[in-house]
Amino acid sequence: FINYLLSKMAKIGIFWGSSSEMTALASDIVKSELESHNHEVVYYNVRDGIESLSNYKNLIIGCPTWHVGELQDDWDMLFEDFKKISFNGVTAAFFGAGDQFGYSCNYLDAVGILAREFMEKSGRLVGRWSIDGYEFDESIALENDEFLGLALDYDNQDSLSEERINLWVNMIHSE
């Protein structure tokens, strides 16, 4: 019976891009936490491409907001390919890092750019995250007082990041 239950656990593809290594660090924690729930997790740095993305029905996508409200460089180079994918029947959760004080007018925009494209292509989004505890002015990732994914700020709230990741993974696990 236990083996049957484990075989029914979701196989999850984590696709992340990172320039300052903070999203890579967050991806490692997300992966470990998912594995603690007995999920099979396969891990991809998008600098190697996103061809494998369509092999998964369950995705975790990580992208920091870079420059002034833009996708991280690797994601930016692949965004046209990302836009061509149909996400019908796919469930995904998004997370990203940004600086809510230094870039308060575009905090977490990269998550918004990717998540909105995902939803426009018929994907099912899970893992919305409350804006409570954050100070920012605007975000493309904002919808109905929630972020479209987990918001991390290693510049200003580093000590909260691991706890937020653990809470978020538990939340998406139950979703």
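Is Leu108 buried or exposed? Leu108 is buried, with a relative accessible area of 0%. Keep in mind that you are looking at a predicted model. The protein has five helices and eleven strands, and this briefing walks through its overall form, two of its helices, two pockets and a handful of residues worth finding on screen.

**Overall form**

- The radius of gyration is 15 Å, which agrees with the value near 16 Å that a compact globule of 175 residues would have.
- Taken along the principal axes, the box filled by the C-alpha atoms is roughly 50 × 35 × 30 Å.
- Of the 175 residues in the protein, 50% are buried.
- If you count contacts with a separation of 6 or more, 74% of them join residues 24 or more positions apart.

**Helix H4 and its surroundings**

- Helix H4 covers residues 109-120, twelve residues in total. From its first C-alpha to its last it reaches 16 Å, close to the 16 Å expected at 1.5 Å a residue.
- The buried residues of H4 are Asp109, Ala110, Val111, Gly112, Leu114, Ala115, Glu117 and Phe118.
- Several elements help to cover those buried residues, including strand E3 (58-62), strand E4 (65-66), strand E5 (70-71), helix H3 (73-83), strand E6 (91-97) and strand E7 (124-125).
- Glu117 sits in helix H4 and counts as buried because its relative accessible area is 10%, below the 20% cut-off.
- Leaving aside residues up to four places away in sequence, Glu117 touches Phe79, Phe82 and Lys83.
- Leu108 lies in the loop between E6 and H4. Leu108 is not a glycine, yet its phi is positive, at about 65°.
- On the other side, H4 is followed by Ser122, whose phi is also positive, near 75°.

**Helix H5 and its partners**

- How far apart are the end C-alpha atoms of H5? They are 25 Å apart, which agrees with the 24 Å that its 17 residues should span at 1.5 Å a residue.
- Ser161, Arg164, Ile165, Trp168, Val169 and Ile172 are the buried residues of H5.
- These buried residues pack against H2, E3, E6, strand E8 (129-130) and strand E11 (150-152).
- As background for reading such lists, an α-helix has 3.6 residues a turn, so residues three or four places apart point the same way.

**The largest pocket**

- The largest pocket has a volume of about 270 Å³.
- Its lining is made of 18 residues, and those closest to its centre are Thr65, Trp66, Gly98, Asp99 and Asp155.
- Helix H2 (22-36) and E4 are the elements that give two or more residues to this lining.
- By class, the lining of the largest pocket divides into eight nonpolar, eight polar and two charged residues.

**The second largest pocket**

- The second largest pocket holds about 210 Å³ of space.
- Which residues lie nearest the centre of the second largest pocket? Among the 15 that line it, they are Ile12, Asn58, Thr91, Val126 and Ile172.
- At least two lining residues come from each of E3, E6 and helix H5 (158-174).
- The lining of the second largest pocket has nine nonpolar, four polar and two charged residues.
- Ile172 appears twice in this briefing: it is one of the buried residues of H5, and it is one of the residues nearest the centre of the second largest pocket.

**Two loop residues to look up**

- Asn55 is in the loop between strand E2 (40-45) and E3. Asn55 counts as exposed because its relative accessibility is 59%, and the cut-off for exposed is over 50%.
- Asn55 and Gly13 are 42 residues apart along the chain, while their C-alpha atoms are separated by 8.4 Å.
- Glu21 is in the loop between strand E1 (11-16) and H2. With 46% relative accessibility, Glu21 counts as partly exposed.
- Glu21 is a residue other than glycine with a positive phi, near 75°.

Conventions
Residues numbered from 1 in each chain as written. Predicted model: local features only at pLDDT ≥ 70, side-chain atom pairs only at ≥ 80, totals over all residues. Heavy atoms only, no water. Helix = DSSP H or I, 4+ residues; strand = E, 2+ residues; numbered from the N terminus. Expected span 1.5 Å × (residues − 1). Buried < 20%, exposed > 50% of the residue type's maximum accessible area, 1.4 Å probe, protein only. Contact = heavy atoms within 4.5 Å. 1 Å grid on protein atoms, 1.4 Å probe; cavity = no way out; pocket = protein on both sides within 12 Å on 5 of 7 lines; lining within 4 Å. Points joined across faces, edges and corners; volume = space filled by probe spheres on them. Nonpolar A, V, L, I, M, F, W, Y, C, P; charged D, E, K, R; others polar. Rg over C-alpha atoms; globule rule 2.2 N^0.38 Å.
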